[in-house]
There are 2 protein chains.
Amino acid sequence: MEIISGGVTAPIGFLAAGMHAGVRKNKKKKDMALLVSKCPAKTAGVFTQNVVKAAPVMWDKALCDDIGLCQALVVNSGVANACTGEAGDVDVAHMAELVAAELQVPVDQVAVASTGVIGIRLPMETIAHGICELSGMLSDDLESGSHAAEAIMTTDVYKKEIAVKLQIKGKTITVGGMCKGSGMINPNLGTVLGFLTTDLNISQELLQKTLRNDVIDTYNMLSVDGDTSTNDTVMIFANGMAGNDELLETDADYPAFAEALRYINTYFVKLIAADGEGTTRMFQVQVAGAESKEGARKLAKSVVTSNLVKCAVYGSDANWGRLVCAMGQSGIAFDPYKVDIIISSEAGSLKIVENGVCTDYDEERATEILSPDQVCFHANMHAGTETASAWGCDLTYEYIKINAEYRK
Amino acid sequence: MEIISGGVTAPIGFLAAGMHAGVRKNKKKKDMALLVSKCPAKTAGVFTQNVVKAAPVMWDKALCDDIGLCQALVVNSGVANACTGEAGDVDVAHMAELVAAELQVPVDQVAVASTGVIGIRLPMETIAHGICELSGMLSDDLESGSHAAEAIMTTDVYKKEIAVKLQIKGKTITVGGMCKGSGMINPNLGTVLGFLTTDLNISQELLQKTLRNDVIDTYNMLSVDGDTSTNDTVMIFANGMAGNDELLETDADYPAFAEALRYINTYFVKLIAADGEGTTRMFQVQVAGAESKEGARKLAKSVVTSNLVKCAVYGSDANWGRLVCAMGQSGIAFDPYKVDIIISSEAGSLKIVENGVCTDYDEERATEILSPDQVCFHANMHAGTETASAWGCDLTYEYIKINAEYRK
């Protein structure tokens, strides 16, 4: 696998465009994106587990479950079209119809995503105008992919895109992607949107399975604030234009594709954690020696969602008691007196807990190690062989400032 | 039921004392308490669900499970005796032995509780000295009860005690209590300790059942920061000295006792939420119209643990999207388009959501209602008849300051 330039337009047969249509007031901020595949692409998706699902999430879920094919994706930022009742469903369908008419594709092969403020209606005139303009701007160059990646940003500080190429069944396959996510959107909810494109030839079923398996250890192991958005969406579009024979799960090359997905989604998850609202420091939690995979995941996830741990990370504080406590509240049984914890970063590494008890470590050295922008906690449970990683960010004054905006 | 003056020494036959023994450096801060019953008291307890349990928690759990009787409770603040390995178990046993020797009671009828910094050993010489001094200070006056309530405080801003009297089977019964809890203890974990005394004659089994049922809807519905301490302990001691015939679950007077416990523990839970570290505002979430009791609890609890909701409460922001989203991530199924939400406080009340959609409410009026020290969110799911309440506090700059202390 090789990392190459570009994003969603890197694979063969994908066109994109991004622009400021007017959903958001700030004219410098692109707020609509269009992504098109030259032929129907097998489409898989994973969506928010929140009981409250935004209208576009319901639309895309049906698209993946029913036809499993897609030729165009339209995304707006600024308005989430969540908690909008039946009117919201009508607006999603209308967006899809407008795209279908512009591009001459079936309406049930148009995916729709929104992110932004919840509880308000989409400005449909602006959206319609945007779709019309975007259709005329579509291009397969890398810059257009970047414009789309910019358009889906909300409070993100930087755009997030990547592309990789690999060999599958004698052909060069490209996988590209863009995502957004930054904690939450002023003044309402946070949302993760991730869209991957590939020219791989693969069945919809295997694409869905591969994506779902991957999300368990990537997006599902990410926490910015523990809140689950109504709009979370990760989709992948595979148009088969690389011309390989259909990739099967039993093929020797299948793991390479799964690995490419894992690489891209892990890359995005780290970027989202590092770009969390108000964040000054990203941290990774690696759990090893767990009895079960699910246990390892829950232990790691419990640490990245703990407010106490997040405050300690903000303070560069090797507060091992909070780490052990956070694992203890995960619901997973373990022997606290078998746990070892090592902290690490570019500044070095240090064992701070051995057999559940504090080592006689140097506090100044620990603070030094926990001071860079990215730090890592490694916990070994010494109960088995399973491992898992999770990613989070610190909890800061700025986070509260952003999310308590009306405070006098 | 009538609220009366005092705390743990209000019921007949309970003596207490509190003092600065030297576990904590601040000489103005009492750090040890002793509570004694003149005769063996039936003893019930509910303890932390964290897999990592402090040594005194293991000791008291065994006391409740095995003998179910207690004549003395010794508590220290400043050091939690958690994550201290076998040495911690030895220290707990030693504390109990010292109390047993001083008071001439069996060592297996001595309960021990600690709260404070985790991972360090108790200063046993100081503790021994304290136990000796406290034994000579024991008194059944209300002031001594207050001293004990002060001694168990950590970062609490004010002491928490209450007493009530009620009629059971023709006798006047008194129930008293003290508790502490304030989010977490610098620089480690938060702990809730609650101790109730009563002169009621009741079996240990029924006492345990009544306490456990009560905790589900009181302490378990409280969240300051979503972190579960290693030391959480709620115990009740019933010495039977009021002289009533043994209270049975089938007695007409039983509900009055359960109600007294509910009143006291709800009072404490509200005080702890209001005294949460860095807190400027306490909030209650009342869920009504839920399909099941457990569902109602999970919905309410999910709202009080949401960082986004907590930030909104800090900002006096009627952010209904966050409320709906927090309920949606509780894991409980509901129809978002049936939900009504009303906000209320001493400043009035206002319906902000009807059938899952925002009412056309006045934002200034909403901010006014959400500005007092205590506010309430009422959510009606319109799916059944079950209700639940939960209590929480806002998330503030001060919380982060307290918990990221090493930040330069």
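# Quick briefing on a predicted model

At 0% relative accessibility, Leu134(B) counts as buried, because the cut-off for that label is under 20%. Keep in mind that this is a predicted model. The points below start from Leu134(B), then move to chain A as a whole, one of its helices, the positions annotated in UniProt, and a few loop residues.

**Around Leu134(B)**

- Leu134(B) belongs to helix H3 of chain B, which covers residues 124–135.
- What does Leu134(B) touch, once neighbours within four places in sequence are left aside? The contacts are Ala17(B), Gly18(B), Met19(B), Met32(B), Ala33(B) and Leu34(B).
- For a sense of distance, Leu134(B) and Lys338(B) are 204 residues apart along the chain, and their C-alpha atoms are separated by 58 Å.

**Helix H4 of chain B**

- Helix H4 of chain B runs over residues 142–151, and its buried residues are Ser144(B), Gly145(B), Ser146(B), Ala148(B), Ala149(B) and Ala151(B).
- Those buried residues of H4(B) pack against five strands of chain B, namely E2 (14–19), E3 (32–47), E4 (69–79), E6 (160–168) and E7 (171–180).

**Chain A overall**

- Chain A has 11 helices and 16 strands.
- Its radius of gyration is 22 Å, close to the 22 Å that the globule rule gives for 408 residues, so chain A is as compact as a globular protein of that length.
- The C-alpha trace of chain A spans about 70 × 60 × 35 Å along its principal axes.
- Of the 408 residues in chain A, 62% are buried.
- If you take the contacts in chain A between residues at least 6 apart in sequence, 79% of them join residues at least 24 apart.
- About 14,400 Å² of chain A is exposed, with carbon and sulfur atoms supplying 49% of that area.
- On the charge side, chain A carries 34 positive and 51 negative side chains. The centres of the two sets lie 3 Å apart.

**Helix H9 of chain A**

- Is helix H9 (residues 320–328) of chain A enclosed or open? In this helix 9 of the 9 residues are buried, so H9 is largely enclosed by the rest of the structure.
- The buried residues in H9(A) are Trp320(A), Gly321(A), Arg322(A), Leu323(A), Val324(A), Cys325(A), Ala326(A), Met327(A) and Gly328(A).
- Ser316(A) sits in the loop between helix H8 (307–314) and H9 of chain A.
- The phi of Ser316(A) is near 50 degrees, a positive value in a residue other than glycine.
- Ser316(A) has a relative accessible area of 7%, so it counts as buried.

**Positions annotated in UniProt (chain A)**

- An unreviewed UniProt entry puts the feature "binding site" at Thr154(A), Lys180(A), Thr191(A), Glu277(A) and Asn403(A).
- For the feature "active site", UniProt (again an unreviewed entry) lists Thr191(A).
- Where is Thr191(A) in chain A? Look in the loop between strand E7 (171–180) and strand E8 (193–198).
- With a relative accessible area of 5%, Thr191(A) is buried.
- Thr154(A) is placed in the loop between helix H4 (142–151) and strand E6 (160–168) of chain A.
- Thr154(A) also counts as buried, at 7% relative accessibility.

**Partly exposed loop residues**

- Gly243(A) is found in the loop between strand E10 (233–238) and helix H6 (254–274) of chain A.
- Is Gly243(A) buried or partly exposed? At 45% relative accessibility, Gly243(A) counts as partly exposed.
- Not counting residues up to four places away in sequence, Gly243(A) touches Lys171(A) and Asp199(A).
- From C-alpha to C-alpha, Gly243(A) and Val353(A) are 53 Å apart in space, with their positions 110 residues apart in sequence.
- Over in chain B, Lys169(B) lies in the loop between E6 and E7.
- Lys169(B) has a positive phi of about 50 degrees, although it is not a glycine.
- The relative accessible area of Lys169(B) is 32%, so this residue counts as partly exposed.

Definitions and conventions:
Residues are numbered from 1 along each chain as its sequence is written. Chains are lettered from A and ligands numbered from 1 in the order in which they are written. This is a predicted model: local features need pLDDT of at least 70, side-chain atom pairs count only at pLDDT 80 or more; totals for chains, interfaces and linings use all residues. Side-chain values use heavy atoms; hydrogens and water are left out. Helices (H or I, at least four residues) and strands (E, at least two) are DSSP runs, numbered from the N terminus. The radius of gyration is taken over C-alpha atoms; the globule rule is 2.2 Å times the number of residues to the power 0.38. Buried means under 20% relative accessible area, exposed over 50%, partly exposed in between (1.4 Å probe, protein chains only). Contact means heavy atoms within 4.5 Å. Accessible areas come from the Shrake-Rupley method with a 1.4 Å probe; for residues, only the protein chains shown count as cover. Lys and Arg count as positive and Asp and Glu as negative; His and the chain ends are not counted. The place of a charge is taken as NZ of Lys, CZ of Arg, CG of Asp or CD of Glu. UniProt positions are given in the numbering used here, feature names are shortened, and annotations may be inferred rather than shown by experiment.
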